[in-house]
Each structure stands twice: as structure tokens, then as C-alpha cells.
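Please load the model in your viewer, with cartoon and side-chain representations ready to toggle. The tour below moves from one selection to the next and says what is to be found at each stop.

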Amino acid sequence: MLTDIDSTLAVSPDGRRLAYLRENFPEPGESAVVIADSGGANVRAVLVKRPPLFVSPGFFVAPSWSPDGTRLAVGVRNSETRDAGFVTVDVETGREDALSGRFGSSGFTFWLPDGSGILVTAQSLDAMTPQGGGPIHLLPYPRGEPRRITNDLVVYRNATVSDDGRLLVTVGSELAPTLWLIPLDGGEPRRLRSERHDGASGAAWMPDGRILITTSVSGDTHVAIMNGDGSNRRVLTADGHAGWAGHCVRGPLR
């Protein structure tokens, strides 16, 4: 029926149309919110973004239909400013309206049955995780300040609501990696002392035998260093968000 679909499919309230996100469409480098008939015909873009803005690719992203089937909600990210927001677009005219709030990422969207708001998964500006998704927020429609409705450590990937608007269904992921040393000669692997989120965004050996890892500090990702046996752990970065510890130059690191 359809090809080149880069998100979850959203079915219109009347069941007659599909909406999804597509990368490198209509032109290379562009991305678009696309709709089509339920049988796969009449494919067309209703919203096109050009760099640095984009709607696709992304992990666990999806547009959603308004209850009356006239608009779609979708997250829009900016590769230069490294932040994101959400917009709605009229499927007939292409008119775009921004919703309140800026986030560190944008993911799944789901319109409430009464049209009063849109549930979204989005990471805060000051806290990034190596996974897609994030806390669930409610964006009032058409205007209003975002309200976070989950306040735990679970990374939520989607959010859907029952037809009566009383029940929320979601899929969450809780990251709990551990660090191991694996001998190349086939010896027994050995687990290192580690804390929550250690190595989730990378680990790398130093020339002197110490190990660089990413770790979580007060909700932010930072780079830490420790001995090869996991002892003498020390966080190296202090400000902002640092991640993806990689190869180190041949030289001292103090």
C-alpha cells in the first residue's frame, strides 16, 4: 500500500486517511508530514520542513489527528539550536500554528478526544537521555502552558488515551546499564562497580588503562573517569550536557 514511512501511522477519526512522517521528501534533505487515503492513494505532503528544521528522522515519533480530522499535531526539531517544539497543521490549507513550550526533543503526539489538548513525549531542555521518548507532557490546545504529567525516571515512548478520555496507555523504558570487562581470550567476564546510567552513551579506554564513561548527574549526562577496575571514579564535566565518550588522544588527562 505505502512505502518510505518513517514514523508510526496515524489513522484519521473517520478511518479514511493515514498520516505519517517521511524523511528526504519531497526533495533530498527535506522532511514532511504526509497524508494518504486509507488504501494508499493520493499521497501528498501537508507540511514540509527544510534544514535546520525537520520532523523526521527520529525515534518513537508520530503525528496525530485532531478529533474533527481537520488538523495534525507533530513535533519539529532544530538541528542548529538543538531544541524542539510542537505545531499543528491544517491538512487542507497547510496553515501551521505553533504550540507553547520548547523542549530538548520531540516525539510521539496524541490528541485528546475532546480536542482540549495534545499529549506528547518530550525531553526537557536541561535533561537529555540516550533513548528516544521522554516524560509525557500535556499541551493545552489551542493555547496554554505545557504541563508535565509524569514525574518518574521512566522514558516514555508513546501515549494514547481511551475514547472517553479517562485512561492513559503508554509504553515506557527504564535504562539500567552495567559495565563489564570481557577478556578477548575467552575468559570469564567481570562486572565493574557502576552506577545508574553508567556507559549508556559510551565508554572508552584511556592510554593509561583508565576508562572514560558517560554517567548521570542530577538528570544531566556527564563524562566521568575511573580506574580499569572501577575504582577512583571522578566526574570530569560540570556544565550542560555531555555525552558519547569516545576515543581519547594519546596524552595525559588530569
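Begin by selecting strands E8 and E9 (residues 96-98), which run antiparallel and are joined by three bridges; two strands are called paired here if DSSP finds at least two bridges between them. Strands (E, at least two residues) and helices (H or I, at least four) are DSSP runs, numbered from the N terminus. This is a predicted model, in which local features need pLDDT of at least 70 and side-chain atom pairs count only at pLDDT 80 or more, while totals for chains, interfaces and linings use all residues. Residues are numbered from 1 along each chain as its sequence is written, and side-chain values use heavy atoms, with hydrogens and water left out.

Staying with this pair of strands, pick Val-87, whose bridge partner in E9 is Ala-98. The two strands form a hairpin with five residues between them, and in its turn Gly-94 has a positive phi of about 80°.

Next, extend the selection to strand E7 (residues 71-78), which pairs with E8 in the antiparallel sense over eight bridges. Within this pairing, Leu-72 stands opposite Val-89 of E8. Four residues separate the strands in the hairpin of E7 and E8, where Arg-82 takes a positive phi near 60°.

Now colour E8 (residues 83-90) by accessibility: is this strand mostly covered or mostly open? Eight of its eight residues are buried, so by the definition used here each has under 20% relative accessible area (over 50% is exposed and anything in between partly exposed, with a 1.4 Å probe and protein chains only). One side carries Asp-83, Gly-85, Val-87 and Val-89, and the other carries Ala-84, Phe-86, Thr-88 and Asp-90, with both faces covered.

From E8, display the side chain of Phe-86 together with that of Phe-103. The two rings form an edge-to-face aromatic pair, 5.8 Å centre to centre and with 75° between the planes; rings of Phe, Tyr and Trp (its six-membered ring) pair if their centres lie within 6.5 Å, planes under 30 degrees apart counting as stacked, over 60 as edge-to-face and the rest as tilted. The pair links distant parts of the chain, since Phe-86 belongs to E8 and Phe-103 to the loop between E9 and strand E10 (109-111), 17 residues apart. Phe-86 is buried at 3% relative accessibility, and Phe-103 is buried as well, at 5%.

In that loop, Arg-102 is the next residue to select, as it forms a salt bridge with Asp-83, the closest N and O atoms being 3.1 Å apart. A salt bridge is a side-chain nitrogen of Lys or Arg within 4 Å of a carboxyl oxygen of Asp or Glu. Because Arg-102 lies in the loop between E9 and E10 and Asp-83 in E8, the pair ties together parts that are 19 residues apart in sequence. Arg-102 is partly exposed at 45% relative accessible area, whereas Asp-83 is buried at 16%.

The loop between E9 and E10 also holds Ser-105, which is buried at 14% relative accessibility. Which residues does Ser-105 touch, not counting those up to four places away in sequence? They are Ala-84, Ala-122, Gln-123 and Gly-133, contact meaning heavy atoms within 4.5 Å. The side chain of Ser-105 also reaches the backbone nitrogen of Gln-123 at 3.2 Å.

For the interior, select Val-33, Ile-35, Trp-65, Leu-72 and Val-74, the residues with the most contacts inside the largest nonpolar core, which has 16 residues. Such a core is a set of buried Ala, Val, Leu, Ile, Met, Phe, Trp, Tyr and Cys residues joined through side-chain atoms within 4.5 Å. Two or more residues each come from strand E2 (17-23), strand E3 (31-37), strand E4 (44-49), E7 and E8, and the largest share, three residues, comes from E7. Apart from this core lies another, of nine residues, among them Leu-99, Phe-103, Ala-122 and Leu-139.

As a last stop, show Glu-30 and Arg-50, whose side chains meet in a salt bridge (2.9 Å, N to O). Glu-30 lies in the loop between E2 and E3 and Arg-50 in the loop between E4 and strand E5 (53-54), 20 residues apart. Glu-30 is buried at 12%, while Arg-50 is exposed at 51%.

How values were computed. Polar contact = N/O pair within 3.5 Å; in protein donor to acceptor, adjacent residues only side chain to side chain.
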